[in-house]
Amino acid sequence: METEPFSLDLRSPLSTASGPISRREGFLVRVEHDGVVGLGEATPLPGWTESYAECEDALSGMRGPESLPSETGEAGRPRRPAARHGAELAVATAEARAAGESLAAFLADETPADTVAVNATVGDGSVDATAGATREAVEEGFSTVKVKVGARDPDVDATRLRAVREAAGDDVGLRADANGAWDVETARRMLDVAAELDFSYVEQPLPSADVEGHADLRGRGVGVALDESLATAGPARVLAADAADALVCKPMALGGPIRTLDVARQASERGVDVVVTTTIDAVIARVGAVHVAAALPDVPACGLATGAMLADDLAPDPAPVEGGRIRVPAGPGLAGDAFSALRQPPE
Ligand SMILES: [Mg+2]
């Protein structure tokens with residue numbers, strides 16, 4: 001197994017639990033399996049995965065597929081999820097290529113989807129800016145829009161949610177993401193507003209550690225989706241507490257594509273939906289996440305339209321967003337010959 005560090009600038013700073021970041025730094029991973037090279041990507045994100053230094057250290061200790069770390073911490077959380085993701089994705093793409101199958105076909109129990117619907121994300125902004133961005137997304141063909149809330153006074157956010165529904169019309173699926181910003185009373189009030197406006201779900205209304213609090217928020221006429229809680233409390237605890245109607249799964253934070261599908265199967269046994277999204281990854285992990293989404297039966301719109309947040313990338317994107325959907329690359333592995341240059345180690 002070989003790794004090659006990369007650093008990609010973001011178009012604009014991204015706020016994370018550990019402060020704003022202006023670039024994504026990670027590792028391209030190459031694994032040879034049966035004479036076929038597979039690519040993976042390990043791109044740690046503060047607050048969601050191990051640190052860059054821990055990721056680098058974990059990757060340097062991995063010799064190949066046989067040394068994929070299997071150890072997990074509390075509640076089924078892998079200890080070094082980004083490093084594990086890089087190795088697991090590389091091994092899986094090599095095996096899929098060797099079998100002449102797309103990664104989605106290799107991973108799926110049944111025939112995978114040809115295309116995956118994706119949501120547009122409308123960031124925090126004034127009421128007018130929020131309505132304008134929603135209209136633009138609908139004009140581009142998105143049938144699901146997610147709006148960021150929680151940074152403003154709840155009354156202003158309530159007005160923004162109404163403006164989003166009005167701009168989107170009745171047929172567009174809507175979601176709100178509070179990133180853990182509210183207390184219980186505010187969350188109840190805002191969920192009632194979202195229910196009245198026929199939003200599908202509100203993501204992470206309460207701080208991530210409050211798993212029980214989320215369980216209590218369910219049943220108010222709008223779904224509760226959990227994202228940050230999967231990284232902090234872990235999927236096993238979230239599912240055991242019946243804390244969510246939907247899980248927002250980031251393969252990079254869950255330790256790899258196969259780990260993510262395991263979580264999705266456990267969720268689906270409990271009637272919990274799974275949405276696949278990224279940690280603002282480079283193209284290898286993004287395309288990997290597209291295959292994971294395609295491998296899930298009846299996956300709802302996913303948070304996979306994140307490529308535009310990067311100013312630069314490792315290679316051209318073979319799975320771009322078009323009209324609110326991504327066509328799943330059909331060639332063997334991630335995308336046939338699309339990444340052949342990256343499969344060659346640098347001279
Ligand atoms: Mg989120």
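Here is a friendly conversation about a predicted model.

Trainee: Where does UniProt place the feature "active site"?

Mentor: Good place to start! The annotation comes from an unreviewed UniProt entry, so treat it as a record that may be inferred rather than shown by experiment. The positions it gives are K148 and K250.

Trainee: Is K148 buried, partly exposed or exposed?

Mentor: Let's locate K148 before judging it: its place is in strand β6, residues 144–148. Buried means under 20% relative accessible area and exposed means over 50%. K148 has 25% relative accessibility, so K148 counts as partly exposed.

Trainee: And is K250 buried or exposed?

Mentor: K250 is found in a loop, the one between β10 (246–249) and α10 (251–254). Its relative accessible area is 10%, and the cut-off is under 20%, so K250 is buried.

Trainee: Which residues does K250 touch, not counting residues up to four places away in sequence?

Mentor: It helps to take both lysines in turn. With that same sequence limit, K148 touches T121, V122, G123, D124, R160, D177 and N179. For K250, not counting residues up to four places away in sequence, the list is W48, D227, T277, T278 and T279.

Trainee: In what order do the 7 strands of the open sheet stand?

Mentor: The pairing in this sheet is parallel. Strands β5 (120–122) and β11 (273–276) stand at the edges with a single partner strand each, so one side of each has no neighbour in the sheet. The twist averages 25 degrees from one strand to the next. Reading across, the order is β5-β6-β7-β8-β9-β10-β11.

Trainee: Which residue in β11 is the bridge partner of V248?

Mentor: Look at the pair β10 and β11, which run in the parallel sense over 4 bridges. Strands of a sheet pair through backbone hydrogen bonds. The bridge partner of V248 in β11 is V275.

Trainee: What angle does the direction of helix α11 make with that of β10?

Mentor: Helix α11, residues 257–269, packs on the sheet and touches β10 and β11. Its direction and that of β10 make an angle of about 175 degrees.

Trainee: Which exposed residues does helix α1 carry on the face turned away from its buried side?

Mentor: Begin with the buried side of α1 (residues 52–60), where C55, A58 and L59 are buried. They cover an arc of only 100 degrees around the axis, which puts them on the same side of α1. The buried residues of α1 pack against β1 (2–16), β2 (19–33), β3 (36–42) and α2 (81–98). The face turned away from that side carries the exposed residues A53 and D57.

Conventions. Residues numbered from 1 in each chain as written. Predicted model: local features only at pLDDT ≥ 70, side-chain atom pairs only at ≥ 80, totals over all residues. Heavy atoms only, no water. Helix = DSSP H or I, 4+ residues; strand = E, 2+ residues; numbered from the N terminus. Buried < 20%, exposed > 50% of the residue type's maximum accessible area, 1.4 Å probe, protein only. Contact = heavy atoms within 4.5 Å. Arc of directions from axis to C-beta. Pairing = 2+ DSSP bridges. Axes fitted to C-alpha atoms, helices over the stretch in contact; angles between N-to-C directions.
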